[in-house]
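This report looks at one short helix and at the nonpolar core to which it contributes.

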Amino acid sequence: MPKTITARPMPALMSIAILAFIGTLIETSMNVTFPTLMRTFSVSLATVQWLTSGYLMVMALTMMCSAFLQRRLSLLALFDLAALLFILGAGLALAAARHWFSLLIIGRLIQAGCAGLTIPLMINFINAVMPVNRLGYYMSTAGMIVNLAPALGPSFGGLMLTLDHWQLIFLTTLPIVMLTWLSGRRTLKPFSQTGKPLKFPVRQFSLLALAFLLVNLAVSLVIPNLVRSSCHCF
């Protein structure tokens with residue numbers, strides 16, 4: 001993405017920014033639905049919290065691979081992948097209905113890839129394309145998007161739950177992502193370049209993913225049990 005490209009960068013940046021905003025908005029929007037989901041699917045709080053913990057874990061792992069992915073794939077391919085992950089995840093979450101909580105979890109984990117791809121992609125696009133004397137403005141705008149979206153998530157989720165049902169969270173964001181994807185493919189094309197054939201470090205990534213999973217399990221299962229045991233002793 002060289003800075004000598006004459007195409008207008010703002011529409012392309014807006015496409016990535018909207019996708020990043022929706023991906024991070026959906027991150028915390030399910031938090032307020034936990035009591036409803038616990039009743040609907042007959043699951044415990046320790047189980048339902050994986051909707052957020054698992055999302056954040058996959059998003060963090062995807063971000064750690066962002067440097068490799070941005071060298072291996074083109075800008076357009078990464079944008080397509082992020083949009084498709086969101087759409088597929090939303091589809092699985094909507095299909096979960098009242099009986100398949102595991103399907104909802106899988107959908108959320110897949111959706112997390114959207115935020116994990118688009119946030120680093122947005123920052124890299126700003127650094128590569130935007131004028132140097134305006135980098136501060138665009139980076140602060142990107143930071144606002146990344147921080148404001150999860151802050152608005154619980155309010156958005158609560159509004160959707162008040163209006164109808166928790167599935168409205170996905171039904172509302174899905175058309176926005178689809179429209180952004182269709183319009184973004186045209187605006188991003190002038191900035192997209194072919195990726196380079198690189199080998200993915202499978203062993204290192206597997207160890208990192210396992211470490212993340214074990215830490216999450218320890219925090220959500222082992223530590224609460226130890227605290228309860230200690231309280232019983234007193």
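## Helix α2 and the nonpolar core

Just after α2, Ser42 takes up a positive phi of about 55 degrees; helices here are DSSP runs of H or I with at least four residues, numbered from the N terminus. The model is predicted, so local features need pLDDT of at least 70 and side-chain atom pairs count only at pLDDT 80 or more, while totals for chains, interfaces and linings use all residues. Residues are numbered from 1 along each chain as its sequence is written, and side-chain values use heavy atoms, leaving out hydrogens and water.

In helix α2 (residues 34-41), the buried residues (under 20% relative accessible area, 1.4 Å probe, protein chains only) are Phe34, Thr36, Leu37, Thr40 and Phe41. Because they cover an arc of only 155 degrees around the axis, taken from the directions to the C-beta atoms, they lie on the same side of α2. Pro35, also in helix α2, is partly exposed (between 20% and 50%), with a relative accessible area of 43%.

The buried residues of α2 pack, through heavy atoms within 4.5 Å, against these helices:

| Helix | Residues |
|---|---|
| α3 | 45-48 |
| α4 | 50-64 |
| α7 | 101-129 |
| α8 | 135-163 |

The largest nonpolar core, a set of buried Ala, Val, Leu, Ile, Met, Phe, Trp, Tyr and Cys residues joined through side-chain atoms within 4.5 Å, has 63 residues, and those with the most contacts inside it are Leu37, Leu51, Leu104, Met122 and Phe125. With 14 residues, α7 gives the most to this core. Leu104 touches residues including Leu37, Phe41 and Leu51, not counting those up to four places away in sequence.

Notes
Helix = DSSP H or I, 4+ residues; strand = E, 2+ residues; numbered from the N terminus.
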